[in-house]
Amino acid sequence: MNVSATQPVPVDGVKPRAGTRFTGDPLFKALVVATGIGVLLVLGAIIAVISIGGIPAFKAFGLRFLITAVWNPVTQHFGAAAPVFGTLASSALGLIIAVPLAFGTAFWLTALAPPMLASVIGMAVQLLAAVPSIIFGMWGFFVLVPPMAHYVQPMARHLFGHVPGLSALVSGAPFGTGLLTAGLVLAIMIMPSITAVMRDVFTSMPTVLRESAYGLGATRWEVMRQVVLPWSRQGVVGGIVLGMGRAMGETMAVTFVIGDSNHIGWSLFAPANTIASLIALEFPESPAGSLKLASLMALGAILMAISFVTLWCSRVLLARGEAQAGKRS
């Protein structure tokens, strides 16, 4: 047996000692653990600062803070109902408009579009996802608000103003700003992000699955409904949650077009407000230690709680869908 074959080869004429080889794994493990703990500490610190800062508001108003729609700095009477309603309504409208468009665009780019055209449009979608939100807000104010005031709302009132149940959705003065305008701007803003995520998920899908379904005689609609959606359910839900989080936390794009009115109304054209918009507008004028500043901090805590609840609900629905799919299979 050749003993030299089992010994380490000298490097630069220096023979390494046994047991002194450094792989870097302990250092890498320590860095990864420190990064994970650091993220948790930062998130916990943010939650703690916002929650502690909002305690005076909850002490002053109690649970009425959640159900009161009044926001009056003169009388020091604050409530979260109006901005919470505006946040949920505008985000829901944005998702209702953006999700079908994003899914159709992503499916077209990955399954139907020519490769050259798909690469160009895919790059354009990624560039749109990187546009600052204030650009969308300015565009919405100058491009969407005038036609909403002069054409869309008058036509909607003419068509549905006398229909019971629908008349309340189109009532109000034609200002052009309101929940529907904010929902449209949010949809245009979050659609590129959702499309980019869905496109990456569809691209990573094995081609053999889609081609096998076509080989069995399935139509494009059947392939999308029975093959693409079940395989990419987690990625699709992740893209929707990402867009929903950006919509609920959006500030400047919504501030330009929502009307900044702390009232609750069922009209799609009524001016409203959101939590993020209200905080951005009122925070510079809130003295340190004031009840107004505490109320704004409480609004931030409520917004974070809403985000956590919606994320948890999406996880639960996704788990139920996977369990039902497993039972059917």
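Is Phe-141 buried, partly exposed or exposed, and what is its relative accessible area? In this predicted model, Phe-141 is partly exposed, with a relative accessible area of 36%, because the class of partly exposed residues lies between the limits of 20% and 50%. The points below take up the aromatic residues, then the nonpolar cores, and then the empty space left among the atoms.

**Aromatic residues**

- A search of the whole structure finds seven aromatic pairs; in one of them, the rings of Phe-141 and Phe-142 have their centres 5.3 Å apart and their planes at 85 degrees, so this pair is edge-to-face, given that an angle over 60 degrees counts as such.
- Phe-142, the partner of Phe-141 in this pair, is exposed, with a relative accessible area of 59%, which is over the 50% limit for that class.
- One aromatic cluster is formed by Phe-58, Phe-61, Phe-65, Trp-71 and Phe-78.

**Nonpolar cores**

- The largest nonpolar core has 56 residues, and the members that touch the most others in it are Phe-65, Phe-202 and Leu-299.
- Phe-65, which also belongs to the aromatic cluster, touches Phe-58, Phe-78, Gly-79, Ala-80, Ala-81, Ser-295, Ala-298, Leu-299 and Ile-302 when residues up to four places away in sequence are not counted.
- A second core, separate from the largest one, consists of five residues, among them Ala-156, Val-170, Leu-180 and Phe-269.

**The largest pocket**

- The largest pocket holds about 150 Å³ of space, and its lining is made up of Leu-95, Val-237, Ile-240, Val-241, Met-244, Thr-310, Cys-313, Ser-314, Leu-317 and Leu-318.
- Helix H9 (233–249) and helix H12 (291–328) are the elements that give two or more residues to this lining, and the largest share, five residues, comes from H12.
- By class, eight residues of the pocket lining are nonpolar and two are polar, while no charged residue takes part.

**The largest cavity**

- The structure holds one cavity of 30 Å³ or more, and the space in the largest cavity comes to about 40 Å³.
- Met-148, Gln-153, Gly-176, Thr-177, Gly-178, Thr-181, Leu-268 and Phe-269 line this cavity, and Phe-269 is also one of the residues of the second nonpolar core.
- The cavity lining divides into three nonpolar and five polar residues, with no charged ones.

Note on methods: Residues are numbered from 1 along each chain as its sequence is written. This is a predicted model: local features need pLDDT of at least 70, side-chain atom pairs count only at pLDDT 80 or more; totals for chains, interfaces and linings use all residues. Side-chain values use heavy atoms; hydrogens and water are left out. On a 1 Å grid over the protein atoms alone, a cavity is a set of points where a 1.4 Å probe fits but cannot get out, and a pocket is an open set with protein on both sides within 12 Å along at least five of seven lines; lining residues have an atom within 4 Å of a point. Grid points are joined across faces, edges and corners, and a volume is the space filled by probe spheres set on the points. Helices (H or I, at least four residues) and strands (E, at least two) are DSSP runs, numbered from the N terminus. Ala, Val, Leu, Ile, Met, Phe, Trp, Tyr, Cys and Pro count as nonpolar, Asp, Glu, Lys and Arg as charged, and the others, Gly among them, as polar. Rings of Phe, Tyr and Trp (its six-membered ring) pair if their centres lie within 6.5 Å; planes under 30 degrees apart count as stacked, over 60 as edge-to-face and the rest as tilted. Buried means under 20% relative accessible area, exposed over 50%, partly exposed in between (1.4 Å probe, protein chains only). A nonpolar core is a set of buried Ala, Val, Leu, Ile, Met, Phe, Trp, Tyr and Cys residues joined through side-chain atoms within 4.5 Å. Contact means heavy atoms within 4.5 Å.
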